[in-house]
Amino acid sequence: MATPSKTAAIEEITADFKDSSAAVLTEYRGLTVAQLKDLRRSLGQETKYAVVKNTLTAIAAKEAGIEAFDDQLSGPTAIAFIKGDAVAAAKSLTEFAKANDKLVIKTGWFEGKALDTAGIAALAALESRETQLARVAAVLLAPASAAARVVDALRVKLEENGGAAAEEAPAAAEEAPAAAEEAPAEA
């Protein structure tokens with residue numbers, strides 16, 4: 001029979017899985033408390049890095065509908081529950097793992113799909129969300145920018161011609177009403 005503290009821990013881990021857009025399972029054997037603190041700081045405020053018990057995590061993952069961690073829950077385990085930008089968190093984890101070989105990235109889960117270490121590395125290789133949004137905005141603004149440049153180029157060309165075309169247009173507009181007034185008189 002499960003104790004109330006274990007039941008509460010399972011509920012908390014299940015809630016963390018459900019609230020997260022991604023999760024990365026790591027082994028932290030050999031890391032000091034200071035290194036873990038640095039890792040948590042590098043992950044940012046939207047990512048919770050928690051040391052978890054394997055059996056409780058297995059139960060919580062099943063309750064949350066996640067099967068990515070079934071074979072990987074062994075040894076000292078910690079999970080990064082990512083609520084914000086998954087790309088930024090994956091970059092932080094992989095960079096920290098490169099600098100500290102004792103952090104081992106085992107597996108992950110992102111938007112309902114299991115990720116292996118290569119998948120997490122591929123996620124980390126993506127550009128940040130802000131950069132991707134900026135590129136989309138640039139593509140969407142390109143036609144409007146091109147049209148503005150064409151209109152501006154026409155304006156500059158008219159100014160370079162000494163305003164001759166600009167002066168001809170009002171003169172032509174003044175002649176047109178005069179011609180229209182003369183036409184009925186002739187009829």
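Modeller: Two strands pair if DSSP finds at least two bridges between them; strands (E, at least two residues) and helices (H or I, at least four) are DSSP runs, numbered from the N terminus. This is a predicted model, where local features need pLDDT of at least 70, side-chain atom pairs count only at pLDDT 80 or more, and totals for chains, interfaces and linings use all residues. Residues are numbered from 1 along each chain as its sequence is written, and side-chain values use heavy atoms, with hydrogens and water left out.

Biologist: OK, how many helices and strands does the protein come to?

Modeller: Along the sequence you'd read α-β-α-β-α-β-α-β-β-α-α-α. Tallied up, the secondary structure is seven helices and five strands.

Biologist: In what order do the strands sit in the sheet?

Modeller: Start with β3, residues 77–82. β3 has six antiparallel bridges to β1 (residues 22–27) and six to β2 (residues 47–52), also antiparallel. On from there, β1 pairs with β4 (residues 104–110), antiparallel again, over six bridges. The open sheet then reads β2-β3-β1-β4-β5.

Biologist: And which strands are at the edges?

Modeller: Edge strands pair on one side only. Here those are β2 and β5 (113–115).

Biologist: Thr26 caught my eye. Which residue is its bridge partner in β4?

Modeller: Thr26 has a bridge partner in β3 too, namely Ala78. Over in β4, the partner is Ile105.

Biologist: How many residues of β3 are buried?

Modeller: Buried means under 20% relative accessible area with a 1.4 Å probe, protein chains only (over 50% is exposed, in between is partly exposed). Thr77, Ile79 and Phe81 point one way, Ala78, Ala80 and Ile82 the other, and all are buried. For the 187-residue protein, the buried share is 30%. For β3, the count is six of six.

Biologist: Which strands does helix α1 touch?

Modeller: Helix α1 spans residues 4–19 and packs on the sheet, its direction making about 45° with that of β3. Its contacts (heavy atoms within 4.5 Å) are with β1, β2, β3 and β4.

Biologist: Last one: what angle do α4 and α5 pack at?

Modeller: The helices are α4, residues 86–99, and α5, residues 117–125, with axes 7 Å apart. Ala86, Val87, Ala90, Lys91 and Thr94 of α4 meet Ile120, Leu123 and Ala124 of α5. Axes are lines fitted to C-alpha atoms, for helices over the stretch in contact, and angles run from 0 to 180 degrees between N-to-C directions. For this pair, the angle is about 115°.
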